[in-house]
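Welcome! Take a moment to turn the model around on your screen, and then let us walk through it together.

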Amino acid sequence: MEKRQHFAGSLLRSLVVTRRAEFPVAALCILAATTFWFLNALNKEYTTQINYPVIFDYDRENLVATEPLPQKLALNVTGYGWTLLRKSLNIDTRPVIFRIENPLKTRYLTAAALLPDISNQIKEAHVNFVENDTIAVAFDRKLAKTVALRADSVQIELRQNHLLTTPVRISPDSVTFTGPAALVRKLPDVLILNVPGKEIDENYEDEVAINYTQDP
């Protein structure tokens with residue numbers, strides 16, 4: 001009776017050891033099968049949507065976009081899995097460049113207008129259509145204006161019985177704004193700055209913020 005129990009115990013331990021030893025082998029088989037399936041799947045053709053980087057080209061030296069331009073376009077494309085995977089992960093992907101003709105007269109870019117240029121630049125896959133129906137755009141001429149800076153000496157808070165003995169100097173005494181002409185033209189010729197110090201009783205030197213809010 002004791003010999004049988006000993007034999008049964010030895011057999012059980014042997015099965016446990018064997019199963020533990022086979023586990024890494026089984027895991028490797030599953031990994032190999034999954035890898036083979038994945039690689040085989042990437043060799044097939046699929047249709048999917050990808051977000052593809054785009055650069056809108058226009059005369060940036062003389063014009064400025066007054067509405068943010070998208071950095072990516074949603075494209076419906078057909079291609080092999082390897083290609084679509086690289087495009088989705090932006091691996092070795094060059095942005096498509098779309099030239100905007102007559103920006104000052106353009107208000108919308110349609111999918112039909114975008115598709116030919118995009119298709120010509122993406123050779124590895126077929127672009128079926130652009131998901132974005134229309135893209136609103138707005139441009140204005142770039143303008144620069146130099147505005148003088150002055151301190152609001154009346155509002156400077158001095159300690160009691162103290163007076164200003166010299167004019168308040170600001171350095172630099174002017175600032176140049178560059179932006180859309182419609183907004184730059186509304187800038188005043190002089191900006192009055194508030195000096196933030198309080199109870200000033202000695203020579204004062206500090207940075208002053210330019211706070212200017214322009215009505216749309």
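## A guided walk through the fold

Of the 216 residues in the protein chain, 25% count as buried. Please keep in mind along the way that this is a predicted model. The protein chain exposes about 16200 Å², and carbon and sulfur atoms supply 54% of that area.

Now for the overall layout. You can find 4 helices and 10 strands in the protein chain. If you read along the sequence, they follow the pattern α-β-β-β-α-β-β-α-β-β-β-β-α-β. Contacts tell us how the chain comes together: among those between residues at least 6 apart in sequence, 76% join residues at least 24 apart.

Let us pick out one pair of strands. Strand S1 covers residues 45-57, and 4 bridges join it to S4, the two strands running parallel. Within this pairing, Ile-55 has Ile-97 of S4 as its bridge partner. Strand S4 itself spans residues 96-99 and has two faces. Val-96 and Phe-98 make up its covered face, while Ile-97 and Arg-99 lie on the uncovered one. The bridge partner Ile-97 therefore belongs to the uncovered face of S4, and Phe-98 to the covered face, where we go next, because Phe-98 counts as buried at 9% relative accessibility.

Which aromatic rings come together as an edge-to-face pair here? The structure holds 2 aromatic pairs. In one of them, the rings of Phe-56 and Phe-98 have their centres 6.3 Å apart and their planes at 75°, so the pair is edge-to-face; planes over 60 degrees apart are counted that way. This pair links distant parts of the chain, with Phe-56 in strand S1 and Phe-98 in strand S4, 42 residues apart. Is Phe-56 buried or exposed? Its relative accessible area is 2%, so Phe-56 is buried, the cut-off being under 20%.

Finally, move on to another pair of strands further along the sequence. Strand S8, residues 139-151, is joined to S10 by 4 bridges, and these strands run parallel. Here Arg-150 finds its bridge partner in S10 at Ile-192. Strand S10 takes in residues 190-193 and again has two faces. Leu-191 and Leu-193 form the covered face of S10, whereas Val-190 and Ile-192 sit on the uncovered one.

Note on methods:
Residues numbered from 1 in each chain as written. Predicted model: local features only at pLDDT ≥ 70, side-chain atom pairs only at ≥ 80, totals over all residues. Heavy atoms only, no water. Buried < 20%, exposed > 50% of the residue type's maximum accessible area, 1.4 Å probe, protein only. Pairing = 2+ DSSP bridges. Phe/Tyr/Trp six-rings, centres within 6.5 Å; stacked < 30°, edge-to-face > 60°. Contact = heavy atoms within 4.5 Å. Areas by Shrake-Rupley, 256 points an atom, 1.4 Å probe, with all protein chains shown as cover.
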